[in-house]
Amino acid sequence: MELNSRLPTGPIETAWDNTKFEMKLVNPANKRKYSVLVVGSGLAGGAAAATLGELGYNVNCFCFQDSPRRAHSIAAQGGINAAKNYQNDGDSIFRLFYDTVKGGDFRAREANVYRLAQISLEIIDQCAAQGVPFAREYGGALTNRSFGGAQVSRTFYARGQTGQQLLLGAYQALERQVQAGRVAMFPRTEMLDLIVIDGRARGIVTRNLVTGEIDTHLADAVVLATGGYGNVYYLSTNAKGSNVTASWRAHKRGALFANPCFTQIHPTCIPVSGDYQSKLTLMSESLRNDGRIWVPLKKGDTRQPGQIPENERDYYLERRYPSFGNLVPRDVASRNAKHVCDEGRGVGPGGLGVYLDFSDSIHRLGEKVIAERYGNLFDMYQRITGENPYQVPMRIYPAIHYTMGGLWVDYHLMSTIPGLFVLGEANFSDHGANRLGASALMQGLSDGYFVIPFTLGNYIAGAKLEKVDRSHPEIRNAEACVQQTVDKLLNIKGKRTVDSFHRQLGKIVWDYCGMSRNARGLESAAEQIRELREEYWTNVNVPGSGADLNQSLEKATRVADFFELAELMCIDARERNESCGGHFREEYQTEDGEALRNDEQYSYVAAWGYRGYGNPWDLVKEPLEFHYVHPSQRSYK
Amino acid sequence: MRLTLHVWRQQGPRTKGRLVRYQMDNVDHEMSMLECLDVLNEELIGKGDEPIAFEHDCREGICGSCGFMINGVAHGPARATTVCQLTMRNFKDGDSLTIEPWRASAFPLIKDLVVDRRSFDRIVASGGYISVSTGNAPDANAILVPKDIADRAMDAAACIGCGACVAACPNASAALFTGAKISHLGVLPQGQPERHLRALSMVAQANLEGFGGCTNIGECTAVCPKEIPLEVIARMNRDYIAAALSQRDAEVNTIRPFTEWSTGSKLVNDPHATS
Ligand SMILES: Cc1cc2nc3c(=O)[nH]c(=O)nc-3n(C[C@H](O)[C@H](O)[C@H](O)COP(=O)(O)OP(=O)(O)OC[C@H]3O[C@@H](n4cnc5c(N)ncnc54)[C@H](O)[C@@H]3O)c2cc1C
Ligand code: SF4
Ligand code: FES
């Protein structure tokens, strides 16, 4: 199979404008004759559904929560990037583009990233007009902070609740279309299969989570914006319901899955406190602007942090990376934390933690300024740990946070199934092997507000879409598949709960396909996952019935898909014999322990095709070319 | 520590519910309230029972999914804390906790501790937005917003839509929730053109949904996990009265309340649907 990424030709600065100009348009009066399914109501899906509704399409939007406002985007704390250069500190579209390509360790497409940087400007305008209460200067202008390893201040934020405020903006725009009758919202409705007819995506099969009804929705195009798959690790910073099911079912219907092993570990999360732990809590990395990270110099030093004198502390990031210091990118910060803990210098219970210390900043700026910047984060930390970070340093440890991999899409955000578009974290497109802070919100909104409205119109205008009959065998077949999976899970009546399997699966993936990986470990992990999956299908216990709200069943279908994805992640990580971004293969590192890329052989996107349960996947490679940012060894020294 | 939980169990909207007693002998102080229920649920499943259904997602106090009454208090005893962030340090050995769902006619019960809050979405749909379609926006710095105004908008916008305010109110009023959105948008310059119609429509929708009136009791703000101040209700009332005077003939936007869940696809104007 050849992948056609439909990349624009010509100078990158005008590529998106030219592409838009060349696109076919749907006559405004005709738009209401077309229907679109948007699965997901986060930043990507919410923005897409609202905008497509405004344009006049008939939109049905789905989410599994009880309200579209609760999509996981709500939890983003830190901020959103845009190359506005309001601070006059040398930012530009090109610089944001450059930083993002480099930050992704040269495993993303230049054209996509350039478009993202361009659109970043419009996003901020749109959100401000919607009433998103971004932080402001006294004079009333928008203010910025530097974030996530950038050397300019380009991050816009709304206290520590940026994701919430951006999502509420999109949600309100969406509800406005609901009120206008252009969007119908289906909360508590989970997509469990994709309907492909004559090679085109034409609908989805859903389960109503309240009544258990299995239903089919048909349309002219399907947009997936179902978020990332970080919960494959069980413990992650994602919301408990985040899952890969929609993407995975689409994958099994023919959509290629790209770079599944590119996952991001976030350096600043609250460490695990016990076996009952159900999720990990992120502490925004904006904290690294004013907090200093350190561990004791000596192994096994159990003194209280305040009792350890300056000269017995190791500010290891400042020491190893003098120019970026505590602000090195996430993958670098995480790996270094793991490294010092592996050396036995970690702090807190179990030795899996490092200090994030604000005492210098409090001394320099005063407690009031620190409270203004991070007050809600400090409160949250105190609520969870019972410790007061104004007085004792926070303890942090890396946790899985974001997934760069996802369904393969072309420049138009269309997957390998015509008519199936994928937006936001669910696609693989813009972050390469590592995502920079404050860029996921940007990408979700760019995809939803500013890309899909054009590319979807172009698709619809160019496709001849016959009316689909509800009795079509493909529909029957997809509905039957969903029903069978549900029945099967309910009837196993084994001895172990879904959570116990999920925890065990998560631990395998974390241990072997987490912060550092090696060939032997990955092969063994794939084997362990297959064995555990066999046990799952014979020994899981899903109580209750399929005819009402059954949260165990919801989890069970999601975990079933995580098992299959987990195996593919290990295969992908094993196949990529290089280190890049968040993918660190122990065999491939520089003398001082930094990631060693292999551009000769691995400068490509690995897109995997499904060939049936238990069969090996097909690997299709999309070569990456760099014309504007020359691949170099990332150096943050 | 040891705890006794009395949890509301109800199979569905039409069946009768009751409190069921569960003894827990080994609760860790560091757990969250929801993790405590996770542990109990694992035990229940092991014994062949159905686990307790409760709503949750982010478990960081921001999505607004979670929430139930603990000993009669919405979200339990800790100030400004949702149940997902409520650690068991707030309780002591031997305590007895009665756990019940939000109770309000505009929040019909679905199962156990899970209720239907779509009425909140409809309040927003009736006018809780600024009508600016994608692409219509001027440069973000073209409209300056003084910092104190932006801060005030943010204070109100912090609402997570959890519904605790309704559950705590003897009148089951949604005034704090509705007032928060009206204040967020109504203090900003961008929100001025629709300010009056917004207040009229949102208040009308809240009434239509069967939420009660506000009699200034203040229980709502006391339990609100985001500490939304009562001032938002005053602002809503002011905008509402001003609007009622100035916009006598204005067409108010409301949406038909509905509680059914069944077969959504038929609700929709889908040109391809055959039946
Ligand atoms: C704690 C945290 C903090 C973060 N902070 C930042 C930050 O400061 N800056 C930044 O840029 N990024 C941040 N991120 C990343 C960013 O928030 C996410 O990548 C982004 O919000 C994802 O948006 P999305 O629209 O793609 O998906 P989501 O917001 O996850 O939405 C997914 C939607 O799909 C629906 N869905 C999923 N599966 C199904 C199904 N099978 N059927 C029906 N519906 C389904 C869900 O109901 C939901 O509506 C953070 C992430 C986390 C976890
Ligand atoms: S006002 Fe407070 S209590 Fe009411 S819904 Fe909003 S956050 Fe919850
Ligand atoms: S689970 Fe999201 S607020 Fe509690």
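Okay, let's start with what I'm calling a salt bridge: a side-chain nitrogen of Lys or Arg within 4 Å of a carboxyl oxygen of Asp or Glu. By that rule, the count comes to 70 salt bridges over all chains. Keep in mind that we're looking at a predicted model here.

Let me show you one of those pairs inside chain A. Arg597(A) makes a salt bridge with Asp105(A), and their closest N and O atoms are 2.8 Å apart. This pair ties together distant parts of the chain, with the two positions 492 residues apart. Arg597(A) is in the loop between helix H15 (551-575) and helix H16 (599-602), while Asp105(A) is in the loop between helix H3 (93-103) and helix H4 (110-130), again of chain A. And the general idea, if you're new to this, is that side chains of opposite charge can pair when their charged atoms come close.

Now, how do the two chains meet? On the chain A side, 94 residues are in contact with chain B, and on the chain B side the number is 90. Together the chains bury about 7500 Å², with 49% of that on carbon and sulfur atoms. Which residues of chain A lose the most area to chain B? Those are Arg70(A), Tyr276(A) and Arg383(A), and together they make up 10% of what that side buries.

Salt bridges turn up here too: there are 7 between chain A and chain B. One to click on is Lys84(A) with Asp139(B), at 3.0 Å from N to O. For polar contacts, we get 49 residue pairs between the chains, counting pairs with both residues at pLDDT 80 or more. If you want an element to look at on the chain A side, go for helix H5 (residues 162-179), which gives the most to the side touching chain B, with 8 residues. As for the mix of residue classes on that side of chain A, it has 32 nonpolar, 37 polar and 25 charged residues.

Right, on to the empty spaces, and I'll take the open one before the closed ones.

The largest pocket holds about 1300 Å³ of space. There are 46 residues lining it, and nearest its centre you'll find Arg159(A), Gly160(A), Gln161(A), Glu372(A) and Asn376(A). Both chains show up among the elements giving two or more residues to that lining: helix H10 (367-385) of chain A and helix H3 (147-157) of chain B. H10(A) gives the most, with 11 residues. By class, the lining of this pocket has 21 nonpolar, 9 polar and 16 charged residues.

Then the cavities. How many are there of 30 Å³ or more? The count is 14. The largest cavity contains about 850 Å³ of space. It's lined by 50 residues, and closest to its centre are His72(A), Ser73(A), Gly227(A), Gly228(A) and Glu425(A). Several elements of chain A give two or more residues to this lining, including helix H2 (43-55), strand S6 (189-197) and strand S15 (394-403). The one giving the most is H11(A), with 4 residues. The class split for this lining is 19 nonpolar, 25 polar and 6 charged.

Last one: the second largest cavity, with a volume of about 440 Å³. Of its 29 lining residues, the closest to the centre are Lys240(A), Gly241(A), Glu554(A), Arg558(A) and, from the other chain, His56(B). Helix H13 (498-513) and H15 of chain A each supply at least two lining residues, and H15(A) gives the most, with 6. That lining divides into 8 nonpolar, 11 polar and 10 charged residues.

And that's the tour, so have a click around.

How values were computed. Residues numbered from 1 in each chain as written. Chains lettered and ligands numbered in written order. Heavy atoms only, no water. Contact = heavy atoms within 4.5 Å. Buried area = accessible area lost by both parts, 1.4 Å probe. Polar contact = N/O pair within 3.5 Å; in protein donor to acceptor, adjacent residues only side chain to side chain. Nonpolar A, V, L, I, M, F, W, Y, C, P; charged D, E, K, R; others polar. 1 Å grid on protein atoms, 1.4 Å probe; cavity = no way out; pocket = protein on both sides within 12 Å on 5 of 7 lines; lining within 4 Å. Points joined across faces, edges and corners; volume = space filled by probe spheres on them.
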